[in-house]
Amino acid sequence: MSILLLGEHGQVSHELQRCLPDLVVRGSAQLDLSDPAQIRQQVLTLRPRLIINAAAYTAVDQAESEPERAFAINADAPGVLAELAAELAAPLIHYSTDYVFDGSLARPYRETDTPNPLNVYGRSKLAGEQAIARVGGAHLILRTSWVYADHGRNFLLTLQHLLQTREQVSVVSDQIGAPTWAGSIAKATADLIQRWQAGQPGSWGVHHLTAQGETSWFGFAEAIGATLREAGLPCAHLLPISSAEYPTAAARPLNSRLDCSQLQADWRIQLPHWREGLTACLRQSA
């Protein structure tokens, strides 16, 4: 079965290429997702049995000054892909984000909660979800959070560098979520595809897919620091600060927790605890 994977060098895409066979990969060098005509031409030429969209505009702060590009890639392109998937009778798997919510609830967000994004990135990702839903057809929109890996640009790699090169590092402590290893997301995606191939799919639509457990960015940083100390490497002193003390161009939700019980009930898929994911990621990179 041919699977078209959009996104070549992203964190989730990189891990998907490790665990899925028969992939046809199209990165930005081969396919410009801001060009609907090019998307249509390539997808109809390849005629895949399944489409995975792991490509996205993910520069959260930069999106505030580049809304048109963010919406072209995160909103318009998914809509075109959904139309093509329906035309080919091919399921579409698309990744979204906790940033579609404003973080004002005191509990983890469920799929039925009303989105209210705080920034351009979140609004563009929500618009992509809505574009896919309007088309209908067999699709999975997987909302995840705080994604990291042993490659690319992410919190894990940034913190490892800062902790080994500075005496003190300040990290936000009032934003709560679930750090989720890209490898866990890829494995779960492979399991979802296997269930569909076996004729045992769960319900289509929006599902939450994050690691179990919760922590703050500061708590995640403490866990990263602990691994450096265990390895005998230098580690800076960590200082917890509030979001107000670390202003950014794009506002972030204080509560990024997602309730993943629906995916577990419908598809029998559950990710490991975030600490297990961190251990697995570091073991893979060793």
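**Exercise 1. Threonine 215**

Which residues does threonine 215 touch, not counting residues up to four places away in sequence? Work from the predicted model, and place the residue as well.

*Solution.*
- Step 1: locate it. Threonine 215 is in strand β11, residues 215-216.
- Step 2: list the contacts. Threonine 215 touches Trp146, Gln175, Ile176, Gly177, Pro179, Phe220 and Trp274, with residues up to four places away in sequence not counted.
- Step 3: classify the exposure. Its relative accessibility is 13%. Buried means under 20%, so threonine 215 counts as buried.

**Exercise 2. Backbone signs**

Find the phi values of tryptophan 146 and aspartate 22, and say where each residue lies.

*Solution.*
- Step 1: recall the background. Most residues other than glycine have a negative phi.
- Step 2: take tryptophan 146. Its phi is positive, near 45 degrees. Tryptophan 146 lies in the loop between β5 and β6 (147-148). Tryptophan 146 is buried, at 7% relative accessible area. Tryptophan 146 is also among the residues that threonine 215 touches.
- Step 3: take aspartate 22. Its phi is about 55 degrees, again positive, and aspartate 22 is not a glycine. Aspartate 22 lies in the loop between α1 (11-19) and β2.

**Exercise 3. The sheet**

Give the strand order of the six-stranded open sheet, and identify the edge strands.

*Solution.*
- Step 1: read the order. It is β2-β1-β3-β4-β5-β10, with parallel pairing.
- Step 2: find the edges. β2 (23-26) and β10 (205-208) each have a single partner strand, so one side of each has no neighbour in the sheet.
- Step 3: add the twist. Neighbouring strands are turned by 20 degrees against each other on average, direction ignored.
- Step 4: inspect one pair. β4 (residues 92-97) and β5 (residues 139-144) pair in the parallel sense over six bridges. Histidine 94 stands opposite isoleucine 141 in β5.

**Exercise 4. Helix α3 and its neighbours**

Describe the packing of α3 against α2, against α4 and against the strands.

*Solution.*
- Step 1: choose the descriptors. Two packed helices are described by the angle between their axes and the distance between the axes.
- Step 2: apply them to α2 (residues 36-46) and α3 (residues 67-88). The angle is about 30 degrees, and the axes are 10 Å apart. Angles under 35 degrees count as roughly parallel, so α2 and α3 are roughly parallel. Their crossing is right-handed.
- Step 3: examine that contact. On the α2 side are Pro36, Ile39, Arg40, Val43 and Leu44; α3 offers Ala77, Val80, Leu81, Leu84, Glu87 and Leu88. By class, there are nine nonpolar, no polar and two charged residues.
- Step 4: turn to α4 (residues 120-135). The axes of α3 and α4 come within 8 Å and cross at roughly 15 degrees. These helices are therefore roughly parallel too. α3 passes α4 in a right-handed crossing.
- Step 5: examine the second contact. Residues of α3 here include Phe71, Asn74 and Glu83, and those of α4 include Tyr121, Arg123 and Lys125. The classes are 13 nonpolar, four polar and three charged.
- Step 6: add the strands. α3 lies across β1 (3-6), β3 (50-53) and β4, at about 160 degrees to β4.

**Exercise 5. Alanine 85**

Is alanine 85 buried or exposed, and what does alanine 85 touch?

*Solution.*
- Step 1: place it. Alanine 85 is in helix α3.
- Step 2: check the area. The relative accessible area is 3%, so alanine 85 is buried.
- Step 3: list the contacts. Alanine 85 touches Ile51, Ala90 and Leu92, not counting residues up to four places away in sequence.
- Step 4: compare with alanine 236. The two are 151 residues apart in sequence and 49 Å apart in space, C-alpha to C-alpha.

Technical notes
Residues numbered from 1 in each chain as written. Predicted model: local features only at pLDDT ≥ 70, side-chain atom pairs only at ≥ 80, totals over all residues. Heavy atoms only, no water. Axes fitted to C-alpha atoms, helices over the stretch in contact; angles between N-to-C directions. Helix = DSSP H or I, 4+ residues; strand = E, 2+ residues; numbered from the N terminus. Parallel < 35°, antiparallel > 145°, perpendicular 65-115°, else oblique. Left-handed = near helix turned anticlockwise from the far one by under 90°. Contact = heavy atoms within 4.5 Å. Nonpolar A, V, L, I, M, F, W, Y, C, P; charged D, E, K, R; others polar. Buried < 20%, exposed > 50% of the residue type's maximum accessible area, 1.4 Å probe, protein only. Pairing = 2+ DSSP bridges.
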